[in-house]
Amino acid sequence: MQNSIEWDDSLIKKYNVSGPRYTSYPTALSFQDGYSEENVRAAISHSTNKALSLYIHIPFCHQLCYYCGCNKIVTRHQHKADLYLDFLEQEMASQAKLYQHYQVDQLHLGGGTPTFLTTEQMARLVNSLNKHFTFTADAQKGIEIDPRSLANGMLPTLRGLGFNRVSFGIQDFNDDVQQAVNREQCADNVANLVVEARQLGFKSVNTDMIYGLPLQTPESFTETMDKLIALSPDRVSVFNYAHLPDRFAAQRKIREQDLPSASQKLAMFKNTLAQMEQAGYVLIGMDHFAKKDDSLAIAQRKGELHRNFQGYTTHGDCDLLGLGVSSISQVGDSIFQNPKDLKEYYQAVSERDIPVVKGLTLSEDDCIRAAVIRQLICHFELDFADFEARYQINFQQYFKEALTSLHGLAQDNMLSITENGITVSPKGLLFIRIICMAFDAHLQRQAKLTRFSQVI
């Protein structure tokens, strides 16, 4: 869906509501307390998958970025990572026993800032992973990198340890914006790191950007994206900043009057889309771009793109195991999570083999709705017959209420509903989360408990 896109700015006020990002359905807000090792074992026994995707959460950062909503601990004390690795390895040893029959196809380190670790700590972590898990010969091994905190020699170390994908967190190249969010970095240094990563032979060099940050303007962000495109990353994430100061204390340091308006944010997205398309990138989902020959773009063309807690992925046939504080796993039709608080995580690892505390086993209705939302948010179209054959339902009867609720969006030309299926129009791309919300049976209860991020 790479056509020229035109939006009516008058729709912003009408549809700029809060909603989930749908890295899962049901979302984490539906998780229930009391999930145990017994539930995890049952999930593994019922899963038909034999491939595993590993996510490792490193919660530490050297410096607080005001926009950040991640589960993190800001510290200058490097020894805290040594203690964390002690508990992480203990969890790893216990979890690995349950997943002996799996082979790991994908590894991803996130945070926090995984490159908070020293080269010695990183080697320790990877050696422990190799000890406890079996990786396929061509496993994808990726890591998120903060260019400001990269230890000397870390990129060559990562390559030597088997990492073949890196993602640099850049967010914005503008000096004023960087200062406003307490994330100052040198553009030349970032460019040099991208060049070095390519020279070292990383298969994929990716970048993360954010629009909607304080002091950004459509003009300044256009300049930022021009600088980024000149680096020619393989994939680009362009996230919409979610300003939720009630939930994230660091965001209270951002002055609301410095934030761009919804109209300005829309202009940033429209400009970015035009710039990326002109540079030869394909729009993947609602906030990702990839080069046409990238595996994500190929998977989308084949109808095989998947979405989970790591975002868009080609590994839809993998169960996901998250290790570390706050990490989320998805095995078969079950989702479960470790404690979010570090002390509680340490206590849970000390007291029992599997430290999960929350979770959910999806009902048949949950599975059907999850598949619908995944199809729409990955491919922007849905065929009724496909779902009727797969789940033995009459789609229009089963989702009568949801389809009725989409009529307003259809009248505003954001999607079309025919006898055969649903097709999201170019105009509807920005509002794909709202379209998915029509199929979310958990949303009404969750809306009373929390605030989601604004769609725009």
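## Report on selected elements of a predicted model

At 63% relative accessibility, Asp33 counts as exposed, since the cut-off for that class is over 50%. The residue belongs to strand E2, which spans residues 32–33. The structure described here is a predicted model. Leaving aside residues up to four places away in sequence, Asp33 touches Val357 and Lys358. Between Asp33 and Leu429, which are 396 residues apart along the chain, the C-alpha atoms are separated by 35 Å.

Two buried residues can be set beside Asp33 in a table.

| Residue | Element | Relative accessibility | Class |
|---|---|---|---|
| Asp33 | E2 (residues 32–33) | 63% | exposed |
| His288 | E12 (residues 288–291) | 13% | buried |
| Gln300 | H10 (residues 295–301) | 15% | buried |

**The hairpin of E11 and E12**

Strand E11 (residues 281–284) sends Tyr281 and Leu283 one way and Val282 and Ile284 the other way, and all of these are buried. E11 runs antiparallel to E12, and 4 bridges join the two strands. Within this pairing, Tyr281 has Lys291 of E12 opposite. The two strands form a hairpin with 3 residues between them, and Gly285 in the turn has a positive phi of about 65°.

His288, located in E12, counts as buried because its relative accessibility is 13%, under the 20% cut-off. Its contacts, not counting residues up to four places away in sequence, are Val236, Ser237, Phe239, Val282, Leu283 and Tyr312. One of these, Val236, is 52 residues from His288 in sequence, yet the two C-alpha atoms are 5.8 Å apart in space.

Gln300, in helix H10, also has contacts in this region. With residues up to four places away in sequence not counted, Gln300 touches Val282, Leu283, Ile284 and Gly285, and in addition Leu305, Cys378, His379 and Phe380.

**The sheet of E19, E21 and E20**

An open sheet of 3 strands follows the order E19-E21-E20, and its pairing is antiparallel. Strand E19 (381–383) and strand E20 (415–417) stand at the edges; each has a single partner strand, so one side of each is left without a neighbour in the sheet. On average, and with direction ignored, neighbouring strands of this sheet are turned by 10° against each other. E20 is joined to strand E21 (residues 421–424) by 3 bridges, the two running antiparallel. In this pairing Ser416 stands opposite Thr423 in E21.

Two helices lie across strands of the sheet. Helix H12 (residues 364–379) lies across E19 and E21 and runs at about 135° to E19. Helix H13 (residues 384–391) lies across E19, E20 and E21, at about 55° to E19.

**The packing of H8 and H9**

Two packed helices are described by the angle between their axes and the distance between the axes. For helix H8 (residues 218–231) and helix H9 (residues 262–278), the axes come within 9 Å and cross at roughly 25°. H8 is therefore roughly parallel to H9, as angles under 35 degrees fall in that class. The crossing of H8 and H9 is right-handed. H8 contributes Pro218, Phe221, Thr222, Met225, Asp226 and Ile229 to the contact, while H9 contributes Gln264, Ala267, Met268, Asn271, Thr272, Gln275 and Met276. The residues of this contact divide into 7 nonpolar, 5 polar and 1 charged.

Definitions and conventions: Residues numbered from 1 in each chain as written. Predicted model: local features only at pLDDT ≥ 70, side-chain atom pairs only at ≥ 80, totals over all residues. Heavy atoms only, no water. Pairing = 2+ DSSP bridges. Axes fitted to C-alpha atoms, helices over the stretch in contact; angles between N-to-C directions. Contact = heavy atoms within 4.5 Å. Parallel < 35°, antiparallel > 145°, perpendicular 65-115°, else oblique. Left-handed = near helix turned anticlockwise from the far one by under 90°. Nonpolar A, V, L, I, M, F, W, Y, C, P; charged D, E, K, R; others polar. Buried < 20%, exposed > 50% of the residue type's maximum accessible area, 1.4 Å probe, protein only.
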